[in-house]
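Q: Please take one part of this model and go through it closely, for someone who will be reading the coordinates at the bench. I would like to know how that part is put together and what lies against it.

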Amino acid sequence: MKSLLVGLMVFIFEKIFIFANLKKFSLEKRKVRARCAIELSTLKRGDLLEVPRTLFVHFGIYLGNNKVAHLMPDILPAISDDECLIGKVVTNKRLILGVLAKVASIRVDTVQDFAYGGSIMVNHMDKSFKTKPLSNEEVAQRAEKLVGATSYSLLWDNCEHFVTYCRYGFPMSFQTDKVNS
């Protein structure tokens, strides 16, 4: 009974999140330029990157050479094998359908595509953890090993869980902990 109630709460929360963001997910195509608050030359392989979004913060791991590994809800890998099509920037439709279907991929994009017009913060989460981060190389290698299709849950398996596992050795999300408490 308790797991049914929790499942129902998650379902309702995810639907409210999507409904609240429908205005943001306009069907209009627009060009978005990344306003990177940092210089690419200052990034180190294994850095944890954060980009504030409307309701949440999006997270990724910098791999070097202007590339970021990040977990994105995306329906397309579940319905197509066309890597050229899948490799394109995830549209808002693909993202919403990925959240609903609970499918995602850990993908590698440019820093600009990852930022999607937002400002980037680097290793900002380090001060929130009592444990030291793993070595930058180990962080990047963990992220690279996980690239590909994966499950998704807004509350229990999201981009923040992915980066905290890579950088600190265990998955955790401060954002969803706030929602769950």
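A: Two strands are taken to pair if DSSP finds at least two bridges between them. With that rule in hand, the part to look at in this predicted model is an open sheet of six strands, arranged in the order S5-S1-S2-S3-S4-S6 with antiparallel pairing. Its edge strands are S5 (121–122) and S6 (148–151), each of which pairs on one side only.

Taking the pairs in turn, S1, which covers residues 48–52, is joined to S2 by five bridges, the two strands running antiparallel, and within S2 it is valine 57 that stands opposite proline 52. Further across, S3 and S4 also run antiparallel and are joined by seven bridges, with alanine 69 standing opposite valine 108 of S4. S4 then pairs with S6 in the antiparallel sense over four bridges, and here serine 105 has alanine 149 of S6 as its bridge partner.

Two helices can be followed against this sheet. H4 lies across S3 and S4 and runs at about 55 degrees to S3, whereas H7 packs on the sheet so as to touch S1, S2, S3 and S4, its direction making about 40 degrees with that of S2. Within H4, the buried residues are Asn92, Arg94, Leu95, Ile96, Gly98 and Val99, and the helix is followed by lysine 102, whose phi is positive, near 60 degrees.

Nonpolar side chains come next. The largest nonpolar core has 24 residues, and those with the most contacts inside it are Leu48, Ile61, Leu71, Ala143 and Phe162. At least two residues of this core come from each of strands S2 (57–64), S3 (67–73) and S4 (103–110) and helices H4 (92–101), H6 (136–145) and H7 (159–168), with H7 giving the most, namely five residues. Apart from this core lies another, of nine residues, among them Val51, Val68, Phe114 and Ala115. In soluble globular proteins, nonpolar side chains tend to be buried together. Isoleucine 61 shows how one core residue is surrounded: leaving aside neighbours within four places in sequence, its contacts include Leu48, Val68, Ala69, Ala143, Phe162, Val163 and Cys166.

The surroundings of H7 also include a charged residue, arginine 167, which lies in that helix. Arginine 167 counts as buried because its relative accessibility is 3%, the cut-off for buried being under 20%. Its side chain is joined to that of asparagine 123 by a polar contact of 3.4 Å. Beyond its neighbours within four places in sequence, arginine 167 is in contact with residues including Gly46, Asp47, Leu48, Asn123, Asp126, Pro133 and Val139.

One of those partners, aspartate 126, is found in the loop between S5 and H6. Aspartate 126 counts as partly exposed, because its relative accessibility is 23%. Its contacts, again without neighbours within four places in sequence, are with Pro133, Arg167 and Tyr168. Although aspartate 126 and leucine 48 are 78 residues apart along the chain, their C-alpha atoms are separated by 8.8 Å. Leucine 48, for its part, is listed both among the core residues with the most contacts and among the contacts of arginine 167.

Terms used:
Residues are numbered from 1 along each chain as its sequence is written. This is a predicted model: local features need pLDDT of at least 70, side-chain atom pairs count only at pLDDT 80 or more; totals for chains, interfaces and linings use all residues. Side-chain values use heavy atoms; hydrogens and water are left out. A nonpolar core is a set of buried Ala, Val, Leu, Ile, Met, Phe, Trp, Tyr and Cys residues joined through side-chain atoms within 4.5 Å. Buried means under 20% relative accessible area, exposed over 50%, partly exposed in between (1.4 Å probe, protein chains only). Contact means heavy atoms within 4.5 Å. Axes are lines fitted to C-alpha atoms, for helices over the stretch in contact, and angles run from 0 to 180 degrees between N-to-C directions. A polar contact is a pair of N or O atoms within 3.5 Å; within protein, one must be able to donate a hydrogen and the other to accept it, and residues adjacent in sequence count only if both atoms are side-chain atoms.
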